[in-house]
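This report introduces one structure to a reader who has not met it before. Please look over the sequence and the model before reading on.

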Amino acid sequence: QVQLVESGGGLVQPGGSLRLSCAASGSIFSIYAMGWYRQGPGKQRELVAAITSGGSTIYADSVKGRFTISRDNAKNTVFLQMNSLKAEDTAVYYCNAHIRPVVAPNYDYWGQGTQVTVSS
């Protein structure tokens, strides 16, 4: 059984910062790409940022220069440092990881989501 557990969401004022964490646990053989998605009110889920096991990253244009994704492979954890937050960043943020479990095929796993609200 593989699980992704997120933490770090909350309420922050515009211009503020938050750091999200997502830890993968369970019978994991290997973790490939990890990423963060978000779904704002009335919007479709969208990719925010992703990182490969080798450290290559991609970002949505709307967050470039403000958000930074990183990972700790030894701890099976991915982070999202969010700076200069704007009201339009308000959304539920979901962690995603492409994982090869020990005794199962590769699969895309999702966290439960963490709410980020940017408001004064």
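How many residues lie between strand 7 and strand 8 in their hairpin, and which residue in the turn has a positive phi? Four residues separate the two strands, and Asn-76 in the turn has a positive phi of about 50 degrees.

## Basis of the report

The model is predicted, so local features need pLDDT of at least 70 and side-chain atom pairs count only at pLDDT 80 or more, while totals for chains, interfaces and linings use all residues. Residues are numbered from 1 along each chain as its sequence is written, and side-chain values use heavy atoms, with hydrogens and water left out.

Strands are DSSP runs of E with at least two residues, numbered from the N terminus. Two strands pair if DSSP finds at least two bridges between them. A residue is buried under 20% relative accessible area, exposed over 50% and partly exposed in between, with a 1.4 Å probe and protein chains only.

## The four-stranded sheet

An open sheet is formed by four strands in the order 1-3-8-7, with antiparallel pairing. Strand 1 and strand 7 stand at the edges with a single partner strand each, so one side of each has no neighbour in the sheet. From one strand to the next the twist averages 15 degrees (axes are lines fitted to C-alpha atoms, and angles run from 0 to 180 degrees between N-to-C directions).

At one edge, strand 1 (residues 2-7) pairs with strand 3 in the antiparallel sense over six bridges. Within this pairing, Val-2 has Gly-26 of strand 3 as its bridge partner. At the other edge, strand 7 and strand 8 are likewise antiparallel, over six bridges. Here Phe-67 stands opposite Met-82, and Ser-70 stands opposite Phe-79.

## Alternating faces

In a regular strand the side chains alternate between the two faces of the sheet. In strand 1, Val-2, Leu-4 and Glu-6 point to one face and are buried, whereas Gln-3, Val-5 and Ser-7 point to the other and are not. Strand 7 also alternates: Phe-67, Ile-69 and Arg-71 are buried on one face, and Thr-68, Ser-70 and Asp-72 point to the other face and are not buried.

## Core and disulfide

A nonpolar core is a set of buried Ala, Val, Leu, Ile, Met, Phe, Trp, Tyr and Cys residues joined through side-chain atoms within 4.5 Å. The largest such core has 30 residues, of which Trp-36, Leu-80, Met-82, Tyr-93 and Ile-99 touch the most other members. Strands that each supply at least two residues of this core include strand 4 (28-39), strand 5 (46-51) and strand 11 (114-118). Strand 9 gives the most, with five residues. Contact means heavy atoms within 4.5 Å; leaving aside neighbours within four places in sequence, Met-82 is in contact with several residues, among them Leu-18, Leu-20, Phe-67, Tyr-93 and Val-116.

There is one disulfide, defined as a pair of cysteine sulfur atoms within 2.5 Å. Cys-22 and Cys-95 form this link, with their sulfur atoms 2.1 Å apart. The torsion about the S-S bond is about -80 degrees, so the disulfide is left-handed. The pair joins distant parts of the chain, Cys-22 in strand 3 and Cys-95 in strand 9 (residues 91-101), 73 residues apart. Both cysteines are buried.

## Three individual residues

Arg-66 lies in the loop between strand 6 (57-59) and strand 7 (67-72), and counts as buried at 10% relative accessibility. Its side chain reaches the backbone oxygen of Ser-84 at 3.0 Å. This is a polar contact, a pair of N or O atoms within 3.5 Å in which, within protein, one must be able to donate a hydrogen and the other to accept it; residues adjacent in sequence count only if both atoms are side-chain atoms. Thr-77, found in strand 8, is also buried, at 10% relative accessibility. The side chain of Thr-77 reaches the backbone oxygen of Lys-75 at 2.8 Å.

Pro-14 sits in the loop between strand 2 (10-12) and strand 3 (18-26). Pro-14 is partly exposed, with a relative accessible area of 47%. Not counting residues up to four places away in sequence, Pro-14 touches Leu-85, Val-118, Ser-119 and Ser-120.
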